[in-house]
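I opened this notebook to record what I looked up in the model and in what order. The entries follow the elements in turn, from a loop residue to strands, helices and a pocket.

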Number of protein chains: 2
Amino acid sequence: MGPAAGADFVRLFVQACSSHLRAQGQEVRDQAFPEHWLVQMPIPDRSQALLGDPQAPTGPALHMQQGVGRLAALGVASIAMACNTAHVWHAQLQALFPQLHILHIAQETARHVQALGARQAIVLATAGTYQTGLYDLALRACGVQPLVPDAQGVAQLMEGIYQGVKSGHMALAEQRLGAVLGQMLQRYGDVPVIMGCTEIPLALPQAPQAQGRALVDPAWVLAQALVQRAYAPETVGVH
Amino acid sequence: MGPAAGADFVRLFVQACSSHLRAQGQEVRDQAFPEHWLVQMPIPDRSQALLGDPQAPTGPALHMQQGVGRLAALGVASIAMACNTAHVWHAQLQALFPQLHILHIAQETARHVQALGARQAIVLATAGTYQTGLYDLALRACGVQPLVPDAQGVAQLMEGIYQGVKSGHMALAEQRLGAVLGQMLQRYGDVPVIMGCTEIPLALPQAPQAQGRALVDPAWVLAQALVQRAYAPETVGVH
């Protein structure tokens with residue numbers, strides 16, 4: 001994900017705050033929103049870094065520590081990272097900053113899918129994310145079986161994400177992502193579909209194969225989880 | 001403005017960065033964006049505060065100082081405030097934090113209108129903003145004559161902003177804002193139109209009276225000014 005997706009995450013968070021306030025019967029007024037900070041900084045490409053040494057001093061790890069360190073100094077209580085691949089460094093960051101809670105995008109998504117009552121979920125992601133086992137581990141820990149495409153399907157997804165969304169060719173993206181989804185639904189039946197890469201929700205929902213399906217956007221799940229923490233009694237007024 | 005407008009300002013900033021990079025012939029990649037922070041915190045209503053003592057300890061002034069103080073501690077070089085009314089406290093904040101530059105939304109907008117070659121500009125804003133003379137002073141300093149609606153027009157604008165946009169009644173908003181604009185264009189001819197309240201750009205551009213007119217969105221002008229500073233040689237790498 002890039003800065004545009006980061007900006008969009010703030011929009012999702014603000015929207016999730018409004019929904020929460022309405023659900024609680026509270027008035028939606030400017031002063032009812034919790035204090036929140038966004039930091040966007042140039043961080044070396046996460047997927048690239050996974051091809052080499054993930055702890056290299058020129059890699060993302062130290063940059064992310066720098067950013068989280070400053071958030072910690074501000075006194076924030078909870079952090080959400082909207083980038084899926086960045087979660088490779090989640091455990092390391094959390095161990096380094098025990099004074100705050102770093103939400104985990106895949107664990108929150110897995111809990112959400114589990115709460116839907118699903119025993120299986122289709123995971124659409126980049127080759128890099130599959131390689132890290134990010135959603136695989138989180139889903140299995142919640143008793144949900146991850147369903148992933150075959151090598152040809154992964155290649156089609158990568159084409160939809162890189163030559164499609166990232167290059168602004170949305171028709172190509174819709175076609176490729178939709179084709180993979182169609183094949184998987186045919187094979188596994190109608191199960192929840194995790195859009196495990198920030199580019200996928202920009203194209204897949206428009207594909208004919210996605211109509212009426214249970215699409216899960218991890219960024220939206222993450223935004224809602226952050227809102228729950230922000231309004232939880234023990235954290236109100238702390239950050 | 002509220003948190004949704006704040007989130008939208010990040011979107012505008014990211015978009016303005018992309019435009020800047022393209023105009024410079026540089027590649028638009030995640031790492032080419034400058035570091036940027038957003039802080040949104042509960043601040044007492046600015047328009048309300050202007051009815052009493054603007055320096056009251058329960059008012060916005062101290063809260064804004066608290067926020068700017070933490071941005072200063074982070075080492076930021078430049079700050080943009082997306083709220084028009086908050087600029088009542090601009091000079092005070094700038095004097096308190098001489099180590100950083102706080103952009104001024106009305107001054108940036110006035111310079112933009114001046115650069116368009118205009119000698120007059122229609123200013124659409126809230127009663128509170130008119131009262132502060134925010135755009136009035138900034139435009140006159142740039143040799144641009146501000147054109148403001150009469151009392152009945154201001155009442156219609158307030159209805160369009162409060163009963164319209166802020167209450168989710170967009171048809172009403174379009175009708176009221178469009179009506180005021182139509183009357184002013186008829187009276188003053190085709191001059192630039194400053195949408196001096198964050199709610200106005202959400203409804204006015206859809207009104208029939210606004211079609212083909214030179215609408216100026218101060219938030220967009222401000223985002224572009226911030227981008228100019230972020231990429232200026234003397235500030236690169238500083239914040």
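Helices and strands here are DSSP runs numbered from the N terminus, a helix having at least four residues and a strand at least two. I note at the outset that this is a predicted model.

**Entry 1: Phe33(A)**

I located Phe33(A) in the loop between H1 and E1 of chain A. Is Phe33(A) buried or exposed? Its relative accessible area is 7%, and the cut-off for buried is under 20%, so Phe33(A) is buried.

I then listed its contacts, leaving aside neighbours within four places in sequence. In chain A, Phe33(A) is in contact with Val14(A), Cys17(A), Ser18(A), Leu21(A), Val28(A) and Tyr231(A). From chain B, Pro3(B) and Pro42(B) are also in contact with Phe33(A). For one of these partners, Val14(A), I looked up the separation: Phe33(A) and Val14(A) are 19 residues apart in sequence and 7.8 Å apart in space, C-alpha to C-alpha.

**Entry 2: strand E1 in both chains**

I went on to strand E1. How do E1(A) and E1(B) run, parallel or antiparallel? Strand E1 (residues 36-40) of chain A is joined to E1(B) by five bridges, and the two run antiparallel. As a register mark I noted that His36(A) stands opposite Gln40(B). In chain B, E1 also spans residues 36-40, and four of its five residues are buried.

As background, I recorded that strands of a sheet pair through backbone hydrogen bonds, either parallel or antiparallel.

**Entry 3: the sheet of chain A**

In chain A I found an open sheet of four strands in the order E5-E4-E6-E7, with parallel pairing. Its edge strands are E5 (145-147) and E7 (215-216) of chain A, each of which pairs on one side only. Between E4 (residues 120-124) and E5(A) I counted three bridges, with the strands running parallel; within this pair, Ile122(A) stands opposite Leu147(A).

Which strands does helix H7 of chain A lie across? H7 (residues 134-141) lies across E4, E5 and E6 (193-195) of chain A, and it runs at about 145 degrees to E5(A).

**Entry 4: the sheet of chain B**

I repeated the lookup in chain B. Four strands form an open sheet there in the order E5-E4-E6-E7, and the pairing is parallel. The edge strands are E5 and E7 (215-216) of chain B, each pairing on one side only. H7(B) packs on this sheet and touches E4, E5 and E6 of chain B, its direction making about 145 degrees with that of E5(B). E4(B) and E5(B) pair in the parallel sense over three bridges, and Ile122(B) stands opposite Leu147(B).

**Entry 5: the two sides of H7(B)**

Which residues of H7(B) are buried? In this helix (residues 134-141), I found Leu134(B), Tyr135(B), Ala138(B) and Leu139(B) buried. They cover an arc of only 105 degrees around the axis, and therefore lie on the same side of H7(B). On the other side of H7(B), Leu137(B) and Ala141(B) are exposed.

I also asked what covers the buried residues. The cover includes helices H5 (105-115), H6 (127-132) and H10 (218-231) of chain B. It also includes strands E4 (120-124), E5 (145-147) and E6 (193-195) of chain B. Just after H7(B), Gly143(B) takes a positive phi of about 70 degrees.

**Entry 6: Thr85(B) and Gln183(A)**

Thr85(B) is found in the loop between strand E2 (78-79) and helix H4 (90-96) of chain B. Thr85(B) counts as buried because its relative accessibility is 10%. Not counting residues up to four places away in sequence, Thr85(B) touches Arg46(B), Ser47(B), Leu50(B) and Thr129(B).

Gln183(A) is found in helix H9 (residues 170-188) of chain A. Its relative accessibility is 44%, so Gln183(A) counts as partly exposed. Gln183(A) and Ala214(A) are 31 residues apart in sequence and 16 Å apart in space, C-alpha to C-alpha.

**Entry 7: the second largest pocket**

I closed with the second largest pocket, which has a volume of about 920 Å³. How many residues line the second largest pocket? The lining has 30 residues, of which Gly2(A), Ala4(A), Ala5(A), Glu199(A) and Leu202(A) lie nearest the centre. Helix H1 (3-23) of chain A and helix H1 (3-23) of chain B each supply at least two residues of this lining. The largest share, seven residues, comes from H1(A).

Conventions
Residues numbered from 1 in each chain as written. Chains lettered and ligands numbered in written order. Predicted model: local features only at pLDDT ≥ 70, side-chain atom pairs only at ≥ 80, totals over all residues. Heavy atoms only, no water. Buried < 20%, exposed > 50% of the residue type's maximum accessible area, 1.4 Å probe, protein only. Arc of directions from axis to C-beta. Contact = heavy atoms within 4.5 Å. Pairing = 2+ DSSP bridges. Axes fitted to C-alpha atoms, helices over the stretch in contact; angles between N-to-C directions. 1 Å grid on protein atoms, 1.4 Å probe; cavity = no way out; pocket = protein on both sides within 12 Å on 5 of 7 lines; lining within 4 Å. Points joined across faces, edges and corners; volume = space filled by probe spheres on them.
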